[in-house]
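Please examine the sequence and the structure shown below. The paragraphs after them explain selected parts step by step.

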Amino acid sequence: MKSTRSYTMTSRARAVEETRRRILDASVELHGERLVADISLDDIAERAGVSVQTVLRHFGSRAGLVEASVEHGRAEVEAERRTPVGDVAAAVRTIVDHYEQRGDGVLVMLAQEPHQELMARVTAAGRRLHGAWVEEVFAPYLDTAEDPAALADLLVVATDVYTWKLLRRDRGLGRDLTENRIHHLVRSLLGTAGPAQP
């Protein structure tokens with residue numbers, strides 16, 4: 001009897017966590033598709049396949065959902081960007097994969113930052129995250145660079161979402177060619193500094 005009750009509680013906890021994740025995923029997705037002013041709790045609930053009451057039961061309020069969504073999105077982005085330190089090819093492949101999945105949504109957010117406080121906060125955090133990613137992934141090159149700060153700045157630009165946009169959306173290049181162009185740009189910046197590449 002005890003094991004049955006334990007299994008039921010575990011199953012229920014799993015279901016609660018899955019519902020919470022669906023709501024957070026729906027919120028993050030919608031914020032990458034629409035203006036903040038155009039997103040209602042009804043929209044998020046519908047996307048997640050739950051009721052508004054369920055959303056409020058999990059997060060207490062719209063503000064609570066927003067805060068949890070920001071943290072959820074940040075954790076997902078960090079996980080998607082994980083790259084072996086010093087591996088240039090993997091770094092470029094990872095960042096292009098990331099932009100293929102989220103780049104257009106990031107651009108929607110960036111367009112709102114001058115007049116939308118939430119998006120300004122999200123995009124500012126995104127810039128910090130990107131800078132930290134560059135410093136971590138390219139550390140072996142930065143450590144041996146003549147001007148590490150300048151190289152870090154240029155690597156931030158070379159791997160930025162706007163660089164992806166210019167190549168992928170504005171110039172209409174395919175995904176693989178976009179990766180090739182960014183890889184060429186990054187390798188040009190790194191020159192012969194740092195560890196040998198496989």
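The discussion turns to one helix and then to two single residues. The model is a predicted one.

Helix α9 is formed by residues 161-170, and its buried residues are Val-161, Thr-163, Trp-164, Leu-167 and Arg-168. Because these residues cover an arc of only 155° around the axis, they lie on the same side of α9. The cover over the buried residues of α9 includes three other helices, namely α5 (88-112), α8 (148-158) and α10 (175-190).

Both ends of this helix deserve attention. At the N-terminal end, Asp-160 acts as a cap of α9, with a side-chain oxygen 2.9 Å from the backbone nitrogen of Tyr-162. Just after α9, Gly-172 adopts a positive phi of about 70°.

The next residue to consider is Arg-20, which belongs to helix α1 (residues 2-31). Arg-20 counts as partly exposed because its relative accessibility is 28%, a value between the limits of 20% and 50%. When its neighbours within four places in sequence are left aside, Arg-20 is in contact with His-58, Phe-59 and Ala-68. Arg-20 and Thr-54 are 34 residues apart along the chain, and their C-alpha atoms are separated by 9.2 Å.

Finally, Glu-117 lies in helix α6, which comprises residues 117-137. Is Glu-117 buried or exposed? Its relative accessibility is 56%, so Glu-117 counts as exposed; the cut-off for this class is over 50%. Between the C-alpha atoms of Glu-117 and Ala-48 the separation is 25 Å, and these two residues are 69 residues apart along the chain.

Technical notes:
Residues numbered from 1 in each chain as written. Predicted model: local features only at pLDDT ≥ 70, side-chain atom pairs only at ≥ 80, totals over all residues. Heavy atoms only, no water. Helix = DSSP H or I, 4+ residues; strand = E, 2+ residues; numbered from the N terminus. Buried < 20%, exposed > 50% of the residue type's maximum accessible area, 1.4 Å probe, protein only. Contact = heavy atoms within 4.5 Å. Arc of directions from axis to C-beta. Polar contact = N/O pair within 3.5 Å; in protein donor to acceptor, adjacent residues only side chain to side chain.
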